[in-house]
Amino acid sequence: MHDGVAAYVLGVLDEEEHEAFERHLDTCERCQAELLELAELPDQLDELKNASSTSDDDPPMSMSR
Amino acid sequence: MCPVLGHLDGRFESADAEAEHRIAVLYQEFGGPLLRHVRKSTGNDLQWAEDVVQETLVRAWRNSARLQWEPSLIWAWLLTVARRIVIDGRRRKSVRPQEVEPPEVDMMAVPDGSDRALSAMVVADALRSLSAEHREVIEQTYLRDRTISEAAEILGIPPGTVKSRLYYGIRALRELLRDKGVAG
Ligand SMILES: [Zn+2]
């Protein structure tokens, strides 16, 4: 269950799982601490998303070139 | 004591009035910072950002037990709530084929030039130094607005595996970015 925290922070869980994880979060101090640690990470990934959104529809992390 | 938690009993004539007051207090506490934050992910679409903030704070009010957490944790939670709402909105928009994005939105998505580009580069570098398995799940989920189960289908691995790889990949990414002085 604890490893859902990354998917939760990124918002990529399905609705049901997202809600289940939130209930877990209510009582799990370990996940609360990890939520705090990871809270800014999606913003940093957004830098990448935004930067790549200007160049047509290249995959964000295209390794080719 | 955080005003959100203040004892308000008896001060209001109706439950509606009390709810309204509590949402107003939430706005006062978190509205401004949340709006600044959300605007970055709505491509500076202010109307959309305001809707997202509104919905986030209403959800916060509905889950008021969480408002007894310490403020930094409340903030982290509100960010995840808002992010979900933005992602849902973006997914809804992208399934509507008619919708044409105004051309200037793309330009505005990178507002402050070199700082932002540098930061994107640092993040890209960090991603590149992850193991292929870790990088792959981050790319196939968050970076493409896909859920765990959608990514699992595409990658041909069980959702549980995607979830746990994502966990270790995100932890590793966080460590790399912390070493580079990007993350707190
Ligand atoms: Zn946990």
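**Entry 1: the annotated region of chain A**

I began with the record. The unreviewed UniProt entry places the annotation "domain: Putative zinc-finger" on residues 6-32 of chain A. I then looked up the same stretch in the model, which is predicted. Over residues 6-32 of chain A, I found 81% helix and 0% strand. The C-alpha atoms at the two ends of this stretch are 11 Å apart.

**Entry 2: confidence in chain A**

I next asked what pLDDT chain A averages. The average is 84, and 78% of the residues score at least 70. I noted that confidence in chain A is highest in helix α1 (residues 4-10), at 97. Confidence is lowest in helix α4 (residues 41-53) of chain A, where the mean is 84. I also recorded that the pLDDT is below 50 over residues 55-60 of chain A. Beyond near neighbours in sequence, that stretch has five contacts in the model.

**Entry 3: a helix of chain A against a helix of chain B**

Two packed helices are described by the angle between their axes and the distance between the axes. I looked up both values for helix α3 (residues 29-38) of chain A and helix α8 (residues 159-179) of chain B. Their axes come within 11 Å and cross at roughly 50°. An angle from 35 to 65 degrees is neither roughly parallel nor roughly perpendicular, and α3(A) and α8(B) are therefore oblique to each other. The crossing of α3(A) with α8(B) is left-handed.

Which residues make this contact? From α3(A) I listed A:Arg30, A:Glu34, A:Glu37 and A:Leu38. From α8(B) I listed B:Tyr167, B:Ile170, B:Arg171 and B:Arg174. By class, I noted five charged residues, three nonpolar and no polar.

**Entry 4: two helices within chain B**

I turned to helix α6 (residues 132-140) and helix α7 (residues 148-155), both of chain B. These helices pack at an angle of about 125°, and their axes are 9 Å apart. α6(B) and α7(B) are therefore oblique to each other. I recorded a right-handed crossing where α6(B) passes α7(B).

On the α6(B) side, the contact is made by B:Glu136, B:Val137 and B:Gln140. On the α7(B) side, B:Ala151, B:Ile154 and B:Leu155 take part. I counted the classes in this contact as four nonpolar, one polar and one charged.

**Entry 5: a residue in the connecting loop**

Finally, I examined the loop between α6 and α7 of chain B, where B:Asp145 lies. Most residues other than glycine have a negative phi. B:Asp145 is not a glycine, yet its phi is positive, at about 55°.

Key. Residues are numbered from 1 along each chain as its sequence is written. Chains are lettered from A and ligands numbered from 1 in the order in which they are written. This is a predicted model: local features need pLDDT of at least 70, side-chain atom pairs count only at pLDDT 80 or more; totals for chains, interfaces and linings use all residues. Side-chain values use heavy atoms; hydrogens and water are left out. Axes are lines fitted to C-alpha atoms, for helices over the stretch in contact, and angles run from 0 to 180 degrees between N-to-C directions. Helices (H or I, at least four residues) and strands (E, at least two) are DSSP runs, numbered from the N terminus. Angles under 35 degrees count as roughly parallel, over 145 as roughly antiparallel, 65 to 115 as roughly perpendicular and the rest as oblique. A crossing is left-handed if the near helix is turned anticlockwise from the far one by less than a right angle, and right-handed if clockwise. Contact means heavy atoms within 4.5 Å. Ala, Val, Leu, Ile, Met, Phe, Trp, Tyr, Cys and Pro count as nonpolar, Asp, Glu, Lys and Arg as charged, and the others, Gly among them, as polar. pLDDT is the predictor's confidence in each residue, from 0 to 100. UniProt positions are given in the numbering used here, feature names are shortened, and annotations may be inferred rather than shown by experiment.
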